Amino acid sequence: MDFVRSPEWPVVPIGGLAGNSATARYGAAPGTPGASGRASAPSPTGPPPPPPYRPPADTGPTGRPSAAPPVPVKILVAGGFGVGKTTTVGAISEIAPLTTEAEMTSAGIGVDDPGIRSTKTTTTVAMDFGCVTIDRSLKLYLFGTPGQSRFGFMWDDLARGALGALVVVDSARLDDCFPAIDFFERAGLPFVVGVNAFDGRLALELGEIRWALAIGDHVPLVQFDARDRLSVRDALLVVLDRALDRATRDRKA
């Protein structure tokens, strides 16, 4: 009977590979586990392994890592009725300002007096809100207060967390701004008195206004135009400087 004799394969050592196994004859494929369960080293002629995954960095439009978000700063815009608070917020806000204007009715005659020069037909019944980015590190959130005394209960809530205030004044109606100045002096909140130049002129000189309001030299007194964006910006920068000066002195104390 014809038969084919198997070749004489070497004796397999204990724990070794069989001489007639595919692994022994052809070698293990790169990356496949061997007899010991460990992966064999990749072929030196093969492609390099891919780098480990790393999440992409948060980059801006230029491809550079984006900076930290600007620091939010709350500023109040306060003052008497009809002095230009809503106009001030709307002139500089980079978003459509939130206003709570309501039509003035005959019931307000003798109570709400906007002055003989004013053509005002609406009044703020809650607050105004706007915001403006000063630079990459600072963003102002502006809250305009209602001017009538019957809304005075809202001032405490609006002032909570504020760093400073701009008290808007009409030089022809100084009596209307006393409640706002008294409020911030009692609250200990840094404030700046901004005299709104209606029609581009003042009824009194700044020195006369300071004397009439009985405010000290440490309180900045500036003239600005509530309709002009750059003029409002300059007034708000004075408020920031005043707030920063107060914070620096408190830190040293």
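User: Which residues of H5 are buried in this predicted model?
Analyst: Buried means under 20% relative accessible area. In helix H5 (206-213), three names pass that test: Ile209, Arg210 and Leu213.

User: Why do the buried residues of H5 count as being on the same side?
Analyst: Look at how Ile209, Arg210 and Leu213, the buried residues, are placed around the helix axis. They share one side of H5 because the arc they cover is only 100 degrees.

User: Which residues are exposed on the other side of H5?
Analyst: Exposed means over 50% relative accessible area. Opposite the buried side of H5, the exposed residues are Gly207 and Trp211.

User: What covers the buried residues of H5?
Analyst: The cover includes one helix and two strands. They are helix H4 (178-187), S7 and strand S8 (221-224).

User: Which element supplies the largest share of the largest nonpolar core?
Analyst: This core has 26 residues, and Leu213 is one of those that touch the most other members. Several elements each supply at least two residues, including H5, S7 and H4. The largest share is 4 residues, and it comes from H4.

User: How many residues are in the other core?
Analyst: This core lies apart from the largest one. Val73, Val89, Val222 and Leu240 are among its members. Its count is 22 residues.

User: What separation do the C-alpha atoms of Ala203 and Ser171 have?
Analyst: Ala203 sits in the loop between strand S7 (191-196) and helix H5. Setting aside neighbours within four places in sequence, Ala203 contacts Ser171 and Ala172. Ala203 and Ser171 are 32 residues apart along the chain, yet their C-alpha atoms are separated by 5.5 Å.

Conventions
Residues are numbered from 1 along each chain as its sequence is written. This is a predicted model: local features need pLDDT of at least 70, side-chain atom pairs count only at pLDDT 80 or more; totals for chains, interfaces and linings use all residues. Side-chain values use heavy atoms; hydrogens and water are left out. Contact means heavy atoms within 4.5 Å. Buried means under 20% relative accessible area, exposed over 50%, partly exposed in between (1.4 Å probe, protein chains only). The arc is that of the directions from the helix axis to the C-beta atoms. A nonpolar core is a set of buried Ala, Val, Leu, Ile, Met, Phe, Trp, Tyr and Cys residues joined through side-chain atoms within 4.5 Å.
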